[in-house]
Amino acid sequence: MTTTYTARWVLPVSAPPIEHGAVVVDGQLIADVGSQAEIVERFPESKVESFGDAIILPGLVNTHTHLELTALRGYLENEERDFFAWLRKLTVARLELLTPDDIRVSATWGACEAVRAGVTCVHDASDSALVSMMALKDVGLRGVIYQESFGPDARLANENFEKLKTKVQELRASETTLVRAGVSPHAPYTVCAPQLEMIADLALSENLPLMMHAAESEAEELFLREGCGVFAEGLARRSIEWKAPGISTIQYLKPHGILDTRPLLAHCIRVDDEDIETLRDYQARVAHCPKSNAKLGHGRAPLAKFLEAGVAVGLGSDSVGSNNTCDILEEARFATLLARAGGSDVSAARILDKVTGELKEGVQADLAVVSLTGVHQLPSYDPIATLIFASSGRDVILTVVAGREVYRDGRVTTVDEAQLRTRMHEISEKLGRG
Ligand SMILES: [Zn+2]
């Protein structure tokens, strides 16, 4: 039995918009995309779901999240201008205040927020990767969960690496066709070089995707180029030796094997032209997180330069601890406006291409339906402009992952949101007490 979704607009993304379009879903796959008249003729038996004044588009992809930290939304506002204090408060909350069940609730709530905003796929870095993977499965979201690894002390590199391997093995055992395992050495200032090399080798030999924070802050740049600043001082206090290589993050990752894994690198703000060429040559992918970067005062990544150079770029919300929402449509709007504020011409169509897949026969049926009936969306002369410049995730009315409706009529259909809401209140009360 097939289902035909129709709306005033269908945006296949890899082909021009179709007015009065239709998408046919057969099981987990898209069976056809075309005009309503053609599709009804071709699939006369199909069940039809009409959305009227709306846009059907491929599901949105969030290339950098930390769903387990959803409970930290708004929790770190006072530390935002001090990245070291921000990271420390976050780490204490995660490791000392939140129980494993709190983390699971937090990640599940984050997954609900994602599907409510039309996101169908996340690239999620998690310290509790197995728990985050369960959250994705419960909500029905597609994604890669990257098990994080920390360890700035080379004397502990082997031990930390063994811990990572054990966790990755568990994670792999829980993989499904929708949810895959990956690895994430956290950042150049939290993972020592030998550990980076071991993780890169593991990623290559086990065919594991790798995500890493890279070139995010001034503090990170000072640490690598000059061996000073808060991160170097932090290591010195713990008697951990650090000799700065005197180069940029991207050049530093090269000899340590990270770039050989075609990594997904989050942020990439502090990159020069040579770094951009390196990213392209190694086919590294960038998770551009413009709102998180702006909120933490880290600056602006050169989106237009990445696009010109042919570097693969996606958009990421980062954790809601630094954003404060997981909303890729809003992120796309912000990314476009920010690039233009900097004098670069980035079009709405170009950015849409960076946040979605495509709707065509034979691909996985991941799609979102965005209502066009909002006061803020009328009139609409161009569906792509209305989508990027006048809409947000809050206008999404249906989200489908692999043919399964996971969000519809204002409700996530797969989990008990009321129960999760009660638990989120309890968790925030506890965190508020410190
Ligand atoms: Zn991050």
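**Helix packing and parallel strands**

The axes of helix 5 (residues 157–173) and helix 6 (residues 193–205) come within 9 Å and cross at roughly 30°. Angles under 35 degrees count as roughly parallel, and helix 5 and helix 6 are therefore roughly parallel to each other. Helix 5 passes helix 6 in a right-handed crossing. This is a predicted model.

Now look at the side of helix 5 that touches its partner. Helix 5 contributes Ala-157, Asn-158, Asn-160, Phe-161, Leu-164 and Lys-165. Helix 6 meets them with Pro-194, Gln-195, Met-198, Ile-199 and Leu-202. Sorted by class, the contact of helix 5 with helix 6 has seven nonpolar, three polar and one charged residues.

Strand 9 covers residues 179–185. Is strand 9 largely enclosed or not enclosed by the rest of the structure? Six of its seven residues are buried, so strand 9 is largely enclosed by the rest of the structure. Buried here means under 20% relative accessible area. Strand 9 is joined by seven bridges to strand 8 (residues 142–149), and the two run parallel. One pair to find in the model is Tyr-146 with its bridge partner Gly-182 in strand 9.

Next comes an open sheet. It has four strands in the order 10-11-12-13, with parallel pairing. Which strands stand at the edges? They are strand 10 (211–214) and strand 13 (312–315). Each has a single partner strand, so one side of each is left without a neighbour in the sheet. From one strand to the next, the twist averages 30°.

The edge at strand 13 can be followed in detail. Strand 12 (residues 285–288) and strand 13 run parallel and are joined by four bridges. Ala-287 has Gly-314 in strand 13 as its bridge partner.

A second helix pair completes the tour. The axes of helix 13 (residues 328–341) and helix 14 (residues 348–355) come within 10 Å and cross at roughly 135°. That angle makes helix 13 oblique to helix 14. The crossing of helix 13 and helix 14 is right-handed.

Which residues in helix 13 meet helix 14? They are Ile-328, Ala-332, Ala-335, Thr-336 and Arg-340. On the other side of this contact, helix 14 supplies Ala-348, Ile-351 and Val-355. By class, the residues of the contact of helix 13 with helix 14 divide into six nonpolar, one polar and one charged.

Technical notes: Residues are numbered from 1 along each chain as its sequence is written. This is a predicted model: local features need pLDDT of at least 70, side-chain atom pairs count only at pLDDT 80 or more; totals for chains, interfaces and linings use all residues. Side-chain values use heavy atoms; hydrogens and water are left out. Axes are lines fitted to C-alpha atoms, for helices over the stretch in contact, and angles run from 0 to 180 degrees between N-to-C directions. Angles under 35 degrees count as roughly parallel, over 145 as roughly antiparallel, 65 to 115 as roughly perpendicular and the rest as oblique. A crossing is left-handed if the near helix is turned anticlockwise from the far one by less than a right angle, and right-handed if clockwise. Contact means heavy atoms within 4.5 Å. Ala, Val, Leu, Ile, Met, Phe, Trp, Tyr, Cys and Pro count as nonpolar, Asp, Glu, Lys and Arg as charged, and the others, Gly among them, as polar. Two strands pair if DSSP finds at least two bridges between them. Buried means under 20% relative accessible area, exposed over 50%, partly exposed in between (1.4 Å probe, protein chains only).
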